[in-house]
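Here is a small set of exercises to work through with the sequence and the viewer side by side. Try each task on your own before you read its solution.

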Amino acid sequence: MLAKYWIHFAELAIAIVLALAIYFSWRADRRDRAQLASELAATKQLLTAADARQHDRDAQLAQTLATLAAEKRTIVTPAQIVRDLPSQISLPSPIVLQTAPSLPNAPAPQANAVIPAEDLKPLYDFTIDCKACQAKLVTAQSDLTDERQKTTALTRERDDALRIARGGSAWRRITRAAKWFFIGAAAGAVAAKAAH
């Protein structure tokens, strides 16, 4: 009769251990899912911030390019170019327009620069185009940095999701499998004992 009580006690103990194992497994799974959700939220926040920075830089680049294009359209005469060229490019000595001596039958003296006047507009356009290229380069480098951060965050997110989908780390999977193996072995032993 005493053996019968021990068998019932063992069955109850196994049922309790099994219930506890199921509860702790459920809790661990829930904790892993919560961790994944928080990592996903952090990654989403990082991606949103990177996208916002990219958008701001693109808007600033568009504004800078529009300003430079307007300058190109408004500065067209040699006098305007000579006046504004030093603010666009540093020159060792300033370019000055020189007027040729007036001749009696010439209508007005023409201004000449040390560099021919027809070369000033292409030179000025080149400096503006150079500034536009530099602005594009800075924006592209910043975008590249953000894209690298996005790629790193997405790779980490993917690796974490795969790890959790597989059941966690290798050590966690091994301990979980061993736990279920021992629970099954104990249940088998109790069932074999009860059958005798």
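The exercises below go from the overall fold to single side chains, and the model they use is a predicted one.

**Exercise 1. Fold and confidence**

Task: Find how many helices and strands the protein chain has, and which elements have the lowest and highest mean pLDDT.

Solution:
- Start with the count: the protein chain has four helices and two strands.
- Next, follow them along the sequence, where the pattern is α-α-β-β-α-α.
- Then turn to confidence: the average pLDDT of the protein chain is 80, and 83% of the residues reach at least 70.
- Finally, compare the elements: strand β2 (residues 111-113) has the lowest mean, 67, while helix α3 (residues 120-165) has the highest, 85.
- A word of care for reading such values: where pLDDT is low, the predicted coordinates should not be read in detail.

**Exercise 2. Surface and interior**

Task: Work out what share of the 196 residues counts as buried, and place Ile 16 and Ala 28 as buried, partly exposed or exposed.

Solution:
- For the protein chain, 19% of the 196 residues count as buried.
- The accessible surface comes to about 13,900 Å², and carbon and sulfur atoms make up 65% of that.
- Ile 16 sits in helix α1 (residues 2-74). Its relative accessibility is 46%, so Ile 16 is partly exposed.
- Ile 16 also belongs to a nonpolar surface patch with Leu 12, Leu 20, Tyr 23, Phe 24 and Trp 26, and together they offer about 610 Å² of accessible area.
- Ala 28 is in helix α1 too. With 7% relative accessibility, under the 20% cut-off, Ala 28 is therefore buried.
- For a look at distant parts of the sequence, take Ala 28 and Arg 172: they are 144 residues apart in sequence, yet their C-alpha atoms are 10.0 Å apart.
- On the scale of the protein chain, 71% of the contacts with a separation of 6 or more are between residues 24 or more positions apart.

**Exercise 3. Cysteines**

Task: Decide how many disulfides the structure contains, and find which cysteine sulfur is nearest to that of Cys 130.

Solution:
- A search of the whole structure turns up zero disulfides.
- For Cys 130, the nearest cysteine sulfur is that of Cys 133, at 6.7 Å, and Cys 130 is in no disulfide.
- The cut-off for a disulfide is 2.5 Å between the sulfur atoms, which is why this pair does not count as one.
- Cys 130 has 32% relative accessibility, so Cys 130 is partly exposed.

**Exercise 4. Salt bridges**

Task: State how many salt bridges the structure holds, and say what the pair Asp 143 and Arg 57 ties together.

Solution:
- The total is seven salt bridges.
- In one of them, the side chains of Asp 143 and Arg 57 meet at 3.0 Å, N to O.
- Asp 143 is in helix α3 and Arg 57 in helix α1, so this pair ties together parts 86 residues apart in sequence.
- Both partners are buried: Asp 143 has 16% relative accessibility, and Arg 57 has a relative accessible area of 16%.
- Now look at Lys 150 and Glu 147, whose side chains form a salt bridge at 3.4 Å, N to O. These two residues lie in helix α3, three residues apart, about one turn of the helix.
- Lys 150 is buried at 11% relative accessibility, whereas Glu 147 is partly exposed at 34%.
- To finish, Arg 53, Arg 57, Asp 143 and Asp 146 are joined into one network by salt bridges that share partners.

Terms used. Residues numbered from 1 in each chain as written. Heavy atoms only, no water. Patch = residues over 30% accessible without salt bridge, like charges linked within 9 Å, V, L, I, M, F, W, Y side chains within 5 Å. Areas by Shrake-Rupley, 256 points an atom, 1.4 Å probe, with all protein chains shown as cover. Salt bridge = Lys/Arg side-chain N within 4 Å of Asp/Glu carboxyl O. Buried < 20%, exposed > 50% of the residue type's maximum accessible area, 1.4 Å probe, protein only. pLDDT = per-residue confidence, 0-100. Contact = heavy atoms within 4.5 Å.
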